[in-house]
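Open the model in your viewer and set it to show side chains as sticks. The tour below gives one selection at a time and says what is there.

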Amino acid sequence: VRLGIRSPWGSIQAGDFVLRGTDSPLNRFERKLEGMEVRLGADDWHVQGALAGSKGQYRRQIFQGVDGRQGPYALTTDTGSRLLLILAGAEAVWLDGDRLERGHNLGYVIDYNTGEINFTTRHTIRNDSRIVVEFQYSDLMYDRRTQFMGADYSRGSANLAVSAFSEIDNLESNLEFSLGTIERGLLTNAGDMPDGIVVSTAVQDSAGDYALDDGHYDWYGAGGGDYNVSFFNVGATGEYRRQIVDNRIIYQWVTPGERQNYNALYAPFRRIAAPQRKDYLALSLGIGAVETGRSMRVDWGGSRIDLNRYSRLGDDDNLGQAYAARFDWRSNPVSLAGQELTVGAALNGQGKDAAYQAPGRFDAVELEREWDLDGITMGYGWQTAGLTARITGEPVDRKSTRLNSSHIPLSRMPSSA
């Protein structure tokens with residue numbers, strides 16, 4: 001549902017809308033929101049603001065394919081939980097660097113209720129297949145507030161843009177359950193723990209259904225044990241499988257050697273994620289246009305990522321920054337031996353430090369594979385630079401030489417592991 005008002009000076013809309021970032025490589029993102037968005041502008045300036053509740057949070061998940069297994073590949077939360085709601089139509093799926101389309105006759109199908117992806121027979125999955133999925137989800141833990149403010153100004157061939165974007169989890173609004181004093185204390189002392197804290201769900205009860213036997217819980221029948229235990233789906237890291245016995249659901253411990261036979265396994269604990277706050281700032285300056293033959297563009301981005309709003313431990317690594325720059329030059333046509341030739345060059349570079357996180361995808365889809373990062377998806381810094389020289393004209397006909405150099409100093413940070 002969406003209501004809107006439009007005028008020659010701008011627009012106001014309230015309800016469901018999609019907030020998108022700019023074309024800056026440091027400010028590309030897309031969020032499905034519910035709230036209000038305001039746009040104002042004229043020929044040479046534009047202002048945009050938004051205040052809304054977020055329907056989900058962004059996540060990038062990487063899978064290694066299994067030979068002959070087209071699916072299912074299960075999406076999880078940042079803490080590895082399968083208890084999540086996937087936002088329909090907000091996902092992007094890549095296979096070996098190629099983006100796939102959703103559909104039974106296309107690349108993949110996704111079950112938004114279970115959070116599972118299956119690939120069609122048009123794309124055979126092998127052991128060396130690399131699957132990257134970007135999606136938005138809600139784990140029903142916290143309300144999330146989203147704030148955005150952006151402005152740009154153009155004068156002649158120059159353009160200046162600035163934007164600020166924040167995603168803030170509400171400390172006092174827990175959607176699935178209310179945090180008690182014990183849970184809040186554990187989170188306060190936990191520091192930056194992306195995987196959250198673990199809280200046992202086993203409660204001693206003389207009329208319980210489970211008994212503790214050699215380090216794991218066995219079902220002893222209704223009232224036959226001394227523990228009541230709640231189990232949660234944690235995917236492949238669990239130790240219990242779900243069964244139906246006498247028309248009731250029970251959980252049975254699975255030996256380590258048999259766990260590979262199950263896609264969904266359960267654990268006698270719940271993992272509680274910490275409320276987070278993520279702030280992003282982006283600046284962009286462009287002069288000229290590529291088609292004119294002389295242009296430059298410089299982008300800078302900063303991020304402040306607080307992985308646990310309850311705790312100040314580990315806050316010394318919250319700030320990060322990144323940059324992207326491109327310079328293009330092309331000469332006017334010159335006559336040489338009766339032929340018109342054009343000489344051009346382009347220099348580009350980009351990089352980030354170990355603490356920087358972008359609101360969307362800044363890294364190349366296959367960056368980890370190309371640079372052999374062994375599955376590291378965050379907590380590293382990198383830089384790249386490229387130089388391209390071109391000569392265009394007859395009979396040369398667009399000859400070009402490209403020089404590339406890259407540098408990636410791995411400096412993985414414990415707080416972002």
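**Aromatic pairs and their surroundings**

Start by selecting Tyr217 and Tyr227: both are buried. The model is predicted, so read every distance and angle on this tour as computed from predicted coordinates. Tyr217 belongs to strand 18 (residues 216-219) and Tyr227 to strand 19 (residues 225-229), so their pairing ties together parts 10 residues apart in sequence. The two rings form an edge-to-face aromatic pair, 5.5 Å centre to centre with 70 degrees between the planes.

Next, select Tyr210, Phe231, Tyr240, Tyr251 and Tyr266, which form one aromatic cluster. Across the whole structure, a search finds 14 aromatic pairs.

For another of these pairs, select Phe148 and Phe165. How far apart are the centres of the two rings, and at what angle are their planes? The centres are 6.3 Å apart and the planes stand at 65 degrees; an angle over 60 counts as edge-to-face, so this pair is edge-to-face. Phe148 is in strand 13 (residues 142-155) and Phe165 is in strand 14 (residues 158-174), so the pair links distant parts of the chain, 17 residues apart. Both Phe148 and Phe165 are buried.

Keep those two on screen and add Phe29, which is in contact with both Phe148 and Phe165. Phe29 is found in the loop between strand 2 (10-20) and strand 3 (30-41). Is Phe29 buried or exposed? Its relative accessible area is 8%, and the cut-off for buried is under 20%, so Phe29 is buried. Beyond its neighbours within four places in sequence, the contacts of Phe29 also include Leu19, Arg20, Gly21, Pro359 and Gly360. Select Gly360 to see a long step in sequence: Phe29 and Gly360 are 331 residues apart along the chain, yet their C-alpha atoms are 4.5 Å apart in space.

**Charges over rings, and a sheet**

Now select Arg99 and Trp94. Arg99 lies over the face of Trp94, at 5.5 Å from the ring centre. Then move to Arg69 and Tyr73, where the charged end of Arg69 sits over the Tyr73 ring, 4.5 Å from its centre.

Stay on Tyr73 and switch to the backbone. Which residue is the bridge partner of Tyr73 in strand 11? The partner is Ile117. Strand 6 and strand 11 (residues 116-119) run antiparallel and are joined by 2 bridges. Widen the selection to the open sheet of 3 strands, which has the order 6-11-10 and antiparallel pairing. Its edge strands are strand 6 (73-74) and strand 10 (108-111), each pairing on one side only.

Conventions:
Residues numbered from 1 in each chain as written. Predicted model: local features only at pLDDT ≥ 70, side-chain atom pairs only at ≥ 80, totals over all residues. Heavy atoms only, no water. Pairing = 2+ DSSP bridges. Helix = DSSP H or I, 4+ residues; strand = E, 2+ residues; numbered from the N terminus. Phe/Tyr/Trp six-rings, centres within 6.5 Å; stacked < 30°, edge-to-face > 60°. Buried < 20%, exposed > 50% of the residue type's maximum accessible area, 1.4 Å probe, protein only. Lys NZ or Arg CZ within 6 Å of the ring centre and 35° of its normal. Contact = heavy atoms within 4.5 Å.
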